Structures are given as structure tokens and as C-alpha cells.
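Biologist: I'd like to learn how to read a model like this one, feature by feature. Can you walk me through it?

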Amino acid sequence: MCGIIAYAGRREAEPILIEGLRRLEYRGYDSAGLATLTGPQVHLRKQAGRIDNLIRYLKDRPAPGCHGISHTRWATHGPANDRNAHPHIGGNGDGLVAVVHNGVIENYSALKHHLQEQGIVFQTATDTEVIAQLIAHHLNGDLMAAVRKVLPLLKGTYGLAVVSPREPEVIVGARLGSPLVLGIGKGENFLASDPSALAGNTNKVVYLQDHQVCLLSRDRWTIEDQNPERTPATVAIQDIDWDPGDADKGEFEHFMLKEIYEQPEALENAMRGRLDEADASAHFGGLNLDTQALRGMDRIIITACGTSYHAGLVGEYLFEEIARIPVEVEYASEFRYRNRPIERNTLMLAITQSGETADTLAALRESKRKGHPTLALCNVVGSTIARETDGGVYLHAGPEIGVASTKAFTNQVLVLTMLALYLGRMRNISSLQGVRILEELRAMPKMVHRTFACHDAVRRIAEKYFQANNFLYLGRQYLYPVALEGALKLKEISYIHAEGYPAAEMKHGPIALVDEETPSVFLIPRGAVFDKVMSNLEEIKARGGPVIAIASEQDQEVATHVEDVIYIPEVPEYLQPLVAVVPLQLLAYHVALLRGCDVDRPRNLAKSVTVE
Ligand code: AGP
């Protein structure tokens, strides 16, 4: 899941490409590079590491030209070094081709072997160089034609941008599986992995579909289907509304902290215009499934990855309790290859922040192929999953730039609660119960805001435990998925090993991990299983394990059992995930800071996982 941006226009390309790469860095930051053209001259510049390294490198070696392609990498083939950074080169002289690629070519070694037999020498270990060498091999003056010849040979996924001094005015792009959007300007045009890279340059975009190829220059652009007839594609130009504030941290030191503090407002945005007092229910404009069809659904299968999967697990409790619908939650990466029998009248619900996660997209496509109605909860407008699902609900959490998902999680959980209310009101929930749930939902932005009062306590506790090498996160019922989410947050930004468990599961093995060096974070706000969780907590304390408790405000009882207590506002049990996750987000944030980790760009990760 790399980031691509390309430019053809009258302005110097380098600063435009660099600004675009900065906005795409969340997609991968192992290395970065660009290639600009001035007539027959190709100016190739690439560096391992963050965009800043490339910027420093360009200071002494600027890349002139009003025309270029660029890339920020998440390594799939070959280590993260200067040589394996993109663009990759094929051919030489004016037959030279430069390629940037987002995706994975699964049959690259067979193709490489075939080309080596024809005497072509490779410089790198990457799959992408094979594409460049293949295009150069087929280039006969018409770059688009050469690219079209090569695409059918590739097995895997790609978002591509290609240039050659043979046609110095054009850029050719192609998409299969990895997102690519064309940006339309005045006397200039762009290609990018996602529209955020074009902010400030244009808000007119066309999303390329799979199996489409495009050609752009400063004054024109065309999109064709890959078929031999070169049929012009039917395209829809969409306007994107930018809020320049979206892409900067404001007064916050990191995007993650900014996004944690944006949660109350994000929850407001997710509810705006969707709470229906008259019906004592919620309503959604984009489900595209009528009440009859929805009432006929006997089962829901939720599919997702990472944090979205954890939101799905909370959804399981919500749908079963509020709408009395049986639910299964599936890891999309497993679901896509599992041939599980699915009953008729099963609704498939995909959950995703980015809308581009390859495994979730494949699980959605698999469900559609099998004829099941599909819904998606998604945060990115116009993303592939949002365009391919039958219906869905946008999260309205605003752009999430920090790799560790925070506000998207709470908006996913909130929208799942509203969806459970909507389905429940057409099944088993009375209007009085509906009115009560609406009131409780409306109160949540304030409750989440009140939770920020725990920030200092969390910082102090982080200072006490940031050197620990293992953490355990324990919760029950609605808070078991939150325990998993807390552990994931700590793992992904502080690189500390952490496990989440249903608290009562500890005595079936994991309790063997407990010692003085391993803190256990207990989610123990007041609720139906409070006493049970308290006994689980005592089992850990009895073995000398330090305990950090997330408890309801003013709950003195917990404070008599535990030294490190973080208080959260008291809310109805089914809404506790929305407040209980906040101190876990902040704990991970401060532990990562204290360990000197790059909170917004954690190692080995990327914000949207577009390869499987
Ligand atoms: C969460 O902090 C991670 N960034 C990751 O687990 C993420 O949730 C997962 O990759 C799913 O992404 P999606 O919601 O964009 O589909």
C-alpha cells in the first residue's frame, strides 16, 4: 500500500509531487522517489526512509520539469533501500521507461526469468521493475499501446503511473485492485492513489475502475477500458470538498492526539440528520435495502480487519441485544478464502475506515458473487468499497491521518449502535425504548468529551509502566472487544507485546503470563458483570500482577483494590465502548511517546492495506 502522485502541467512538478507525497505518506514510508522529464532527459531521484530524506536529497539535486511521477513505498518485495525505491526503470536511452506502482505482481519472478532469458539485466529485487522492463520491451513509440500490451501479462494488483522520454508530454496510468484517481485541473492534470494528495490543486476527480487505463498530459486526458477495442470509459467527474484544516495537526503534536480529541465532534457528525424522534429510531439515506428486505434478514455476518474488526465485535453484542439478530464476525482475510455455507437471508456487513483494504474488498466481492445483500460502514467517500457495496453508511469521522485508528473506531461503534436501533425498531424495540436510546446516543459526544478529564492520570500511569515489555488487556461483554482494541493500539504504536482477553479466560492459561513486570489493564466500569470482573482482577493481583483499572467515575470500591485507577463517565453498558476506549488510546499514545516511537507513522505499518 504505497502512495502515487503524478503531474502534467505548466508548473514545476517537483514541489507539487513532494506536497502530494507528504499527504500520502500514511500509505507507506519505507522509501520515496520521483522522476521528472525535460524533453528526452529523465531526472530520477530516490531515497530510503521518510519523505524528508528525499526532500533533503533534492536540495542539492533538484529535479526540473513540469511533468513527473512519484511514489512513497510500503515494501512488499525487496528491502527498504535507495535501490528498491520507486520509480523503477526499464530499457535505456529514449526507450527508457519509468514506473511507479502500488500493489503486488504475483507472477513477477516468472516474467523476470522470461526477460532475463532475453538478456535483460535487472537492478533490483522488486516486482515493479519487471513492469518497467516489460513496457520498455514493448515500447514502439506509443507508450499507451506498450502499457496496454503488458497489463494482460500481469497477475496481481496494480495502480500504475508510467512515463518515457519517447513521449515526454504524456503520463499513462492503469488500475487493477489498487485505488487510482485522476485529478482534472486547468492546463494541468494529476494522477493519485487518493484524492487527499490533490488538495489545494484541484477538487475535480475521476475514480478509475478496475481494468481501466488512462492517459493524461497538460491539456487532455482520456480513460479507456482495457478491452482490445479501446472503448472510451464512461466516467463521472466528482467534486471533492476540501477542508484545508483536515490535513494539519492544528495545536496538536500528533495527528493521533488530534483525532482522539476530535471524537466528540466526529460522533456529532455521524448522528447529524440520522436520529429520527418521530420514529424513535435512526434512519440512513444510503442503505439501498428497503424495510421489507431488511426485516427479512435472519442473520448478519460482519467482515473487517484490524480495528474495524474490533468495532464489528462490539456490533455483534449490539445487534444481538438491541435487534435480536444473530451475528458472526469474520476476519476478512480468512473469510475471503473460506467457502463457508451462508444461509439465505444473511446480510453481509463490511466495516472499513479507508474503504480500500484489499481483504475486506475481496470479502465484500465474494459475498456479492454469492448473491448476498451487502452493506458497508466506511469513512472515505468515493473509496472502492463505498462504490462497490450495495448500500452503506458513511462514518463522517473526517479524514483519519494517524495510522493508528481512533475516531474511526468510535464512529464505527456509534453507527453500529444506530443501525441496531434501526433494525430493532422494525423487530422488537418499542418506541419508548427507541426514545430512550436516542436520548442516550445524543448524550455521548459530551460523555466522550468528559472522558478527556482522565488525560493527566493516564499520562502519570504511562510514565510508571512505559518500560514494560508485555501488557494484558482484560474486559468482558461489550468491553472484551475494547480490550482487544486497547492491546492493538499499544502494539501498533509502541511495539510492546500486548494481548486482549475476555477477563474470565485468563485462568484457562494466559494467567501464566502474569508477573510483577506485566501490567494488566482491566476494563471494570459498573455493569452487569462488575462483580465477576472484580474477582478476575483479584486473581491477577493475587499473583503479584500490577493492575491498571478503567472504572466508573466516583467508584471508590475499585480504588480500594487497585492503585492505578482511571475514571470514565458512567454511561449505559451498551455505550461503554465509546468512553472506555479513550483512556486506552491515550495510554498507548503516551507510552509510545515515552519510548520515542513515531506515533503517527509507526514502523512496518501503513494506514490503508491495499495488498493482501
Ligand atoms: C488500526 O489502527 C490499523 N490501522 C489497522 O488495523 C486498520 O484498522 C485495518 O488495517 C483496517 O483498515 P480499514 O478500517 O481501513 O479497512
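**Reading the model, piece by piece**

Modeller: Let's begin with R175, which sits in strand β8, residues 171–176. Keep in mind as we go that this is a predicted model.

Biologist: Is R175 buried or exposed?

Modeller: The idea is to look at relative accessible area, where anything under 20% counts as buried. R175 comes out at 1%, so it is buried.

Biologist: And how far is R175 from D210, C-alpha to C-alpha?

Modeller: Sequence separation and spatial separation are two separate readings. R175 and D210 are 35 residues apart along the chain, and their C-alpha atoms are separated by 5.3 Å.

Biologist: Give me another pair to practise on.

Modeller: Try R23, in helix α1, residues 13–24. The C-alpha atoms of R23 and P502 are separated by 38 Å, with their positions 479 residues apart along the chain. As for its surroundings, R23 has a relative accessible area of 24%, so it counts as partly exposed.

Biologist: Now backbone geometry. What should I expect for phi and for peptide bonds?

Modeller: Most residues other than glycine have a negative phi, and most peptide bonds are trans. With that in mind, look for the exceptions.

Biologist: Which peptide bond here is cis?

Modeller: One is the bond from H86 to P87, with omega near 0 degrees. P87 is in the loop between β4 (67–73) and β5 (88–90).

Biologist: What about phi at H211?

Modeller: Phi of H211 is positive, near 65 degrees, and the residue isn't glycine. You'll find H211 in the loop that runs between β11 (204–207) and β12 (212–216). Its relative accessibility is 44%, so H211 is partly exposed.

Biologist: And what is phi at N604?

Modeller: N604 also has a phi near 65 degrees, again positive in a residue other than glycine. This one lies in the segment after α20 (576–594). With the exposed class starting over 50%, N604 at 56% relative accessibility counts as exposed.

Biologist: On to helix packing. How do I read a pair of helices?

Modeller: Take the distance between the axes, then the angle, then the handedness. For α9 (306–322) and α13 (residues 407–425), the axes come within 9 Å and cross at roughly 25 degrees.

Biologist: What does that angle make them?

Modeller: Angles under 35 degrees count as roughly parallel, and α9 and α13 are therefore roughly parallel to each other. The crossing of α9 past α13 is right-handed.

Biologist: How do α17 and α20 pack?

Modeller: Their axes are 9 Å apart, at an angle of about 20 degrees. That makes α17 roughly parallel to α20. α17 passes α20 in a right-handed crossing.

Biologist: Can I see that pairing at residue level?

Modeller: Look at L584, in helix α20. L584 has 1% relative accessibility, so it counts as buried. From L584 to A483 the C-alpha distance is 8.5 Å, and the two are 101 residues apart in sequence. A483 falls within α17 (479–494).

Biologist: What about empty space? How many cavities of 30 Å³ or more are there?

Modeller: Searching the whole structure turns up 3 of them. The largest cavity has a volume of about 100 Å³. Its lining holds 16 residues, and those nearest the centre are R476, L479, P525, V529 and Q576.

Biologist: What is the chemical character of that lining?

Modeller: Count by class: the largest cavity's lining divides into 9 nonpolar, 4 polar and 3 charged residues.

Biologist: And pockets? What is the volume of the second largest one?

Modeller: About 650 Å³ of space lies in the second largest pocket. It is lined by 32 residues, and C305, G306, T307, L488 and V609 are the closest to its centre. Elements giving two or more residues to this lining are α9, β19 (346–352), α11 (358–369), α17 and β23 (497–502).

Biologist: Which element gives the most to that lining?

Modeller: That's α17, with 5 residues. By class, the lining of the second largest pocket has 13 nonpolar, 13 polar and 6 charged residues.

Methods
Residues numbered from 1 in each chain as written. Predicted model: local features only at pLDDT ≥ 70, side-chain atom pairs only at ≥ 80, totals over all residues. Heavy atoms only, no water. 1 Å grid on protein atoms, 1.4 Å probe; cavity = no way out; pocket = protein on both sides within 12 Å on 5 of 7 lines; lining within 4 Å. Points joined across faces, edges and corners; volume = space filled by probe spheres on them. Helix = DSSP H or I, 4+ residues; strand = E, 2+ residues; numbered from the N terminus. Nonpolar A, V, L, I, M, F, W, Y, C, P; charged D, E, K, R; others polar. Buried < 20%, exposed > 50% of the residue type's maximum accessible area, 1.4 Å probe, protein only. Axes fitted to C-alpha atoms, helices over the stretch in contact; angles between N-to-C directions. Parallel < 35°, antiparallel > 145°, perpendicular 65-115°, else oblique. Left-handed = near helix turned anticlockwise from the far one by under 90°.
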